[in-house]
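Let's walk through a protein model together, one piece at a time. Keep the picture open beside you as you read.

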Amino acid sequence: MGRIALMFAMILLPALSMAMTPDAVQTNTPVSKELKQQLLGTPVYIQIFKQERVLELYGKVGSQYRLLDTYRICNFSGGLGPKRREGDFKSPEGFYSVKLNQLKPDSHYYRAINVGFPNQYDRDHNYSGAYLMIHGDCKSIGCYAMTNAYMDEIFTYVNAALRNGQPEVNIAIYPFHMTDSNMRNHRDSTYINFWRELQPGYAWFEKYHVPPNVAVSSGQYVMNNSPVIVDPAAASKSFLALSKTE
């Protein structure tokens with residue numbers, strides 16, 4: 001009997017360990033091509049991950065947001081970390097929003113979406129810069145450059161959502177998928193305290209599939225009416241803290 005129990009334990013423990021790991025990035029499966037076409041005009045949400053060089057476009061289905069497609073970022077400049085001053089060639093990180101007047105269908109770089117840098121957070125920290133875009137033409141000096149084909153599709157969905165009544169499209173720009181293990185891997189970065197402010201927004205969307213409600217208070221990002229926890233010992237508990245504010 002003891003040998004049988006041991007055999008079951010050897011089989012089940014690896015599976016249980018994987019199932020209990022909260023840190024793994026869950027693979028999002030895009031909706032079908034048919035549903036994607038039907039969702040043109042629905043509210044949309046964008047996530048950008050620098051290190052992975054991907055832009056994710058989500059569309060609202062019912063009360064949650066589903067992945068419409070993932071697009072490879074052709075080019076961005078300046079490496080990881082937020083943009084702080086004009087001329088540093090950095091591409092921004094943080095939480096931004098796009099209104100209809102920020103769309104540039106006749107951009108020099110094919111089509112462009114002005115992400116809205118500097119936002120309130122950036123202004124509170126005296127960061128400088130302007131005309132930071134998601135655009136085509138695959139060339140970047142501080143922007144997120146896509147192929148023209150990808151940009152055409154992203155622009156079409158954002159434009160349709162805004163013209164169909166969405167007041168603004170939120171864009172979350174992260175240095176990487178902000179799992180606890182990735183945060184530990186970058187704990188010695190000079191940007192780690194800033195990244196700890198971004199992590200709860202990532203965690204909120206991973207759990208609820210709804211964009212976080214982001215504001216800026218006293219020079220810090222505030223999520224869903226709850227101040228962001230930036231203490232290193234408490235950072236891993238930020239997900240739980242946000243869950244209690246729902």
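Ile46 of strand E1 stands opposite Ile171 of strand E9. Their two strands, E1 and E9 (residues 169-174), pair in the parallel sense over four bridges. Keep in mind that you are looking at a predicted model.

**Strand E1 and its partners**

How many of the six residues of E1 are buried? Six of the six are, so this strand (residues 44-49) is largely enclosed by the rest of the structure. You can check this on both faces: Val44, Ile46 and Ile48 are buried on one side, and Tyr45, Gln47 and Phe49 are buried on the other.

E1 also pairs with strand E2 (residues 54-61), this time in the antiparallel sense and over six bridges. Phe49 of E1 stands opposite Val54 of E2. The two strands form a hairpin with four residues between them. Look in that turn for Arg53, which has a positive phi of about 60 degrees.

**On to strand E9**

Strand E9 has a similar story to tell. Five of its six residues are buried, so E9 too is largely enclosed by the rest of the structure. Besides its pairing with E1, E9 is joined by five bridges to strand E4 (residues 94-98), and these two run antiparallel. One pair to look for here is Phe95, whose bridge partner in E9 is Ala172.

Here are the three pairings described so far, side by side.

| Strands | Sense | Bridges | One facing pair |
|---|---|---|---|
| E1 and E2 | antiparallel | six bridges | Phe49 and Val54 |
| E1 and E9 | parallel | four bridges | Ile46 and Ile171 |
| E4 and E9 | antiparallel | five bridges | Phe95 and Ala172 |

**An open sheet of four strands**

Now find the four strands that form an open sheet in the order E5-E6-E7-E8, with mixed pairing. Which are the edge strands? They are E5 (103-104) and E8 (144-145), each of which pairs on one side only. E5 is joined to strand E6 (residues 112-114) by two bridges, and the two run antiparallel. Within this pairing, Leu103 has Ile113 in E6 as its bridge partner.

**Two helices**

Next, turn to helix H4 (residues 148-163). This helix has 16 residues and reaches 22 Å from its first C-alpha to its last, close to the 22 Å expected at 1.5 Å a residue. The buried residues of H4 are Met151, Ile154, Phe155, Tyr157, Val158, Ala160, Ala161 and Leu162. A general point helps when you read such a list: an α-helix has 3.6 residues a turn, so residues three or four places apart point the same way. Just after H4 comes Gly165, with a positive phi of about 115 degrees.

Helix H6 (residues 192-208) has 17 residues. From its first C-alpha to its last, H6 reaches 25 Å, close to the 24 Å expected at 1.5 Å a residue. Where does H6 bend? The bend, of about 30 degrees, is at Leu198, and a proline, Pro200, follows within four residues. H6 is mostly covered, with 14 of its 17 residues buried.

Tyr202 lies in this helix. Is Tyr202 buried or exposed? Residues under 20% relative accessible area count as buried, and Tyr202, at 4% relative accessibility, is therefore buried. The C-alpha atoms of Tyr202 and Pro212 are separated by 8.1 Å, although these residues are 10 residues apart along the chain. After H6 comes His209, whose phi is positive, near 60 degrees.

**Stepping back to the whole protein**

In total, the protein has eight helices and 12 strands. Of its 246 residues, 46% are buried. Among contacts between residues at least 6 apart in sequence, 59% join residues at least 24 apart. The accessible surface comes to about 12900 Å², and 53% of that belongs to carbon and sulfur atoms.

Finally, how confident is the prediction? The mean pLDDT of the protein is 84, and 80% of its residues reach 70 or more. Over residues 1-26, however, the pLDDT is below 50, and this stretch has eight contacts in the model beyond near neighbours in sequence. Residues 225-246 also stay under 50 in pLDDT, and for them the model has 38 contacts beyond four places in sequence.

Note on methods. Residues are numbered from 1 along each chain as its sequence is written. This is a predicted model: local features need pLDDT of at least 70, side-chain atom pairs count only at pLDDT 80 or more; totals for chains, interfaces and linings use all residues. Side-chain values use heavy atoms; hydrogens and water are left out. Buried means under 20% relative accessible area, exposed over 50%, partly exposed in between (1.4 Å probe, protein chains only). Two strands pair if DSSP finds at least two bridges between them. The expected span of a helix is 1.5 Å times one less than its number of residues. The bend at a residue is the angle between axes fitted to the seven residues ending there and the seven starting there. Contact means heavy atoms within 4.5 Å. Accessible areas come from the Shrake-Rupley method with a 1.4 Å probe; for residues, only the protein chains shown count as cover. pLDDT is the predictor's confidence in each residue, from 0 to 100.
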